[in-house]
Amino acid sequence: MRLHKSHRIPVLLAAFLPVLSLFAAGSVTQMSQGFAPLTPYVAPRPFASSSSLDAFVVDATSQSSVSVVLRGPNARVVVWPVGVSTAETSLRLLDPQGNPFAPDGRTEAAFAAGSSAELAGLVDLPPTATLLKVSPAAPGRYTLDFSHAQSGAKAFMVAVQDGSGYRMRVSLSEMVSSPAGHPALYAKLFNQNSGAPLLGFHVTAMARSASGYPPARVVLRDDGVAPDATAGDGVYSCLLPVEPGGGMEDVKVDASGAADGLPLHRVGHAVLALSERGARILGAMPCQVLRDQSGVSGVDVPVQVKLPKAGTYRLQATLTGRAPSGAAVEVAYASAEGRFAAGPQTMTLHFAGQDLSRAGVDPPYTVRDASLLDLGTVRVAAQFPKLGHVAGFTLAELPAPAPAPSLPAKRPVPLP
Amino acid sequence: MRRRVGIVLVTVVCLLGATNLWAKTGVALVHGKGGADLQNASTALAYWTSPMVSAVTKNYTVPYVVCHYDGTQYMWVAGDQVASQIASFVNAQGITDLVIDTHSFGGVVVRWIFSNPNRNADYQTVVNATRWVNTIAAPQDGSEAADLAGTLSGSWLTGWLVDLVGENTNSTYNCRTDWMAYYNQYWLFGTAGRPALPKSFYCIAGVDTGLAIFNDWAHVEDYGLAALAGVSGFPGANDGMVAQYSAEAVGTLWFETDANHHHNRRNDFRPIGTYLSYDF
């Protein structure tokens, strides 16, 4: 049977509709040349974390009590027995005068006048943790008494938020250690309420290597000797003796000293990624400005790298310019990835003209924050802070930026 | 002549209608971190609960897949498993309009997939088929609760914290604020200063504060979350496990909820699953 001529096209269309719909469903966005429409430029920041926490383990086989310092309102103590599933109902907290806190009370009468205390949950209910929320009248040494413990636990975990403004801020000079040198570690001890530094503390750090090196313990000093910038400013510094090798390095910082005549202990953490041994970003070759009849269609930046082994790698970098105000502005992001043999290689970053014009600033641009990622091991193999400059054209020669995609609408959700 | 005009009109109408007429919608649910047994389908279903899955899929009328991966592993290990399962679902069902709903670490796992779409063919399939991603309480900037687990890490970590934060596992490290800062700087897209993701992400954040997160006194998890919120040092509102700032660090805010981290993956305290079904 032959179709009438006038029916052929609709029938053919109907037959191909499923195929057409597949094309209409969308395609993978080209990730190798991704523009980052996020300005102003946010330079990769050294890691920093703040801690107001003290945490420790009590050996219940040799200790029947432990002293905890509570300083301000809404101090919190969490205690839980290790390795047992039963609730601990006989744990006692004694105030600085030795008066016991009633474990079954939610009243404010358990402490001396002017203090308030609240037993918030957990004591007689599974799981086994006890949370004490305490508002002491004045800073002081409180006592956690385990002597009547019935759980059979051999140890107790204790975590304390003392309710004060004393903080330790841990930061690293860089997230990834390059083969060029050791990263600097900083611990800033301060009172966040007054801004005053905390001086005379003993600060140590231990780097636990994931790459097989034995843990290294170092002392941080506030003596003005490099890498410490200023003596007596509450910022304690050291160089971390880590070696390139790939992998993550876990850094734990302990600070011990005194504040207001009472002992103060802070624990902080940071993580460091080590570059891979033998991996290098050697530098960029002169950029190639690509032109067509309408102007500058893009810029290629060939980058020379040295790879320690064959594998799949991604090179990524950001292009930044200067706004008339002088502020750094992100212009574009580009990446190139593929499988490469070991040894010297060239990877080319391509910045499209439509991306370059989006920020609206004239060249020269700086190629910065280049990083080489080993996609097989998911490690940063190497990095290079500033690769060079892109110039040789003007903003007027670039094509207009592509319109930003519109965000699909979502049905609103009623508020509770 | 009229006949030809008619044919052209029919052709145009057919072409315009092709996308919606033939697009097949589906939904994938991606759970958060936890134990290795989460790679069992039944454990993953229990994570979400049947009422939640029923609500999200409009009483099972929308094709769905509940992903199940080892909840102790890094995001790329989990990502490989999740991408494989979603790609199989997409290919088997002919899904061309996929919505992905994630809870907690599942949002980081899916962001890994969308940040590395060239990792393998499954990743490409998932990104191609996806309409958008909804992340519930994803620790996109890390979780202070995971930091606490790190502070207390080692063989001492036990009891309720094991259930809530996980043991000394790779996924717990992955969720620490310092580790997520590293991943956001080099490996993941979507945060400030990094390239945009290839598809839209919508975030849902838990915004209760302090200890007022006892959503349901029958659940022991609520006590544990209250304890975590009390001692973890969250900066601002949180759901007991993930702070609001972290949950909203990637994508466009869809809505906020006072359901805590235990209940915002369920359809009990608040009808989160019903809200997610608004997408269909």
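Begin in chain A of this predicted model by selecting strands β3, β8 and β5, which form an open sheet of 3 strands in the order β3-β8-β5 with antiparallel pairing. Colour β3 (65–70) and β5 (92–94) of chain A separately: these two strands stand at the edges, and each has a single partner strand, so one side of each is left without a neighbour in the sheet. Viewed across the sheet, neighbouring strands are turned against each other by 30 degrees on average, direction ignored.

Next, keep β3(A) and add strand β8, residues 140–145 of chain A; the two run antiparallel and are joined by 6 bridges. To find one of these pairings, select A:Leu70, whose bridge partner in β8(A) is A:Gly140.

Now turn to chain B, in which there are 13 helices and 6 strands. Of its 280 residues, 62% are buried. If a surface is displayed, chain B exposes about 9,100 Å², of which carbon and sulfur atoms supply 54%. Among the contacts in chain B with a separation of 6 or more, 75% are between residues 24 or more positions apart.

Which helix of chain B should be selected to see enclosure by the rest of the structure? Select α5(B): 11 of its 11 residues are buried, so this helix is largely enclosed by the rest of the structure. The buried residues of α5(B) include B:Phe105, B:Arg111, B:Trp112 and B:Phe114. Buried here means under 20% relative accessible area.

B:Phe114 leads to the next stop, the largest nonpolar core, which has 53 residues. Show B:Ile86, B:Ile100, B:Phe114, B:Tyr182, B:Tyr183 and B:Trp187 as sticks, since these residues have the most contacts inside this core. In soluble globular proteins, nonpolar side chains tend to be buried together.

Which elements give two or more residues to the largest core? From chain A there is β17 (262–274). From chain B there are β1 (25–30), α4 (75–93), β3 (97–103), α5 (105–115), α6 (121–129), α9 (170–175) and α10 (177–186). Highlight α4(B) in particular, as the largest share of this core, 8 residues, comes from that helix.

Return to chain A and colour domain 2 (166–274) and domain 3 (280–397): both give residues to this core, so the core lies between them. Finally, select A:Ala279, A:Ile281, A:Val296 and A:Val390, which are included in a second, separate core of 32 residues.

Terms used:
Residues are numbered from 1 along each chain as its sequence is written. Chains are lettered from A and ligands numbered from 1 in the order in which they are written. This is a predicted model: local features need pLDDT of at least 70, side-chain atom pairs count only at pLDDT 80 or more; totals for chains, interfaces and linings use all residues. Side-chain values use heavy atoms; hydrogens and water are left out. Two strands pair if DSSP finds at least two bridges between them. Helices (H or I, at least four residues) and strands (E, at least two) are DSSP runs, numbered from the N terminus. Axes are lines fitted to C-alpha atoms, for helices over the stretch in contact, and angles run from 0 to 180 degrees between N-to-C directions. A nonpolar core is a set of buried Ala, Val, Leu, Ile, Met, Phe, Trp, Tyr and Cys residues joined through side-chain atoms within 4.5 Å. Buried means under 20% relative accessible area, exposed over 50%, partly exposed in between (1.4 Å probe, protein chains only). Domain bounds come from an automatic or database domain assignment. Contact means heavy atoms within 4.5 Å. Accessible areas come from the Shrake-Rupley method with a 1.4 Å probe; for residues, only the protein chains shown count as cover.
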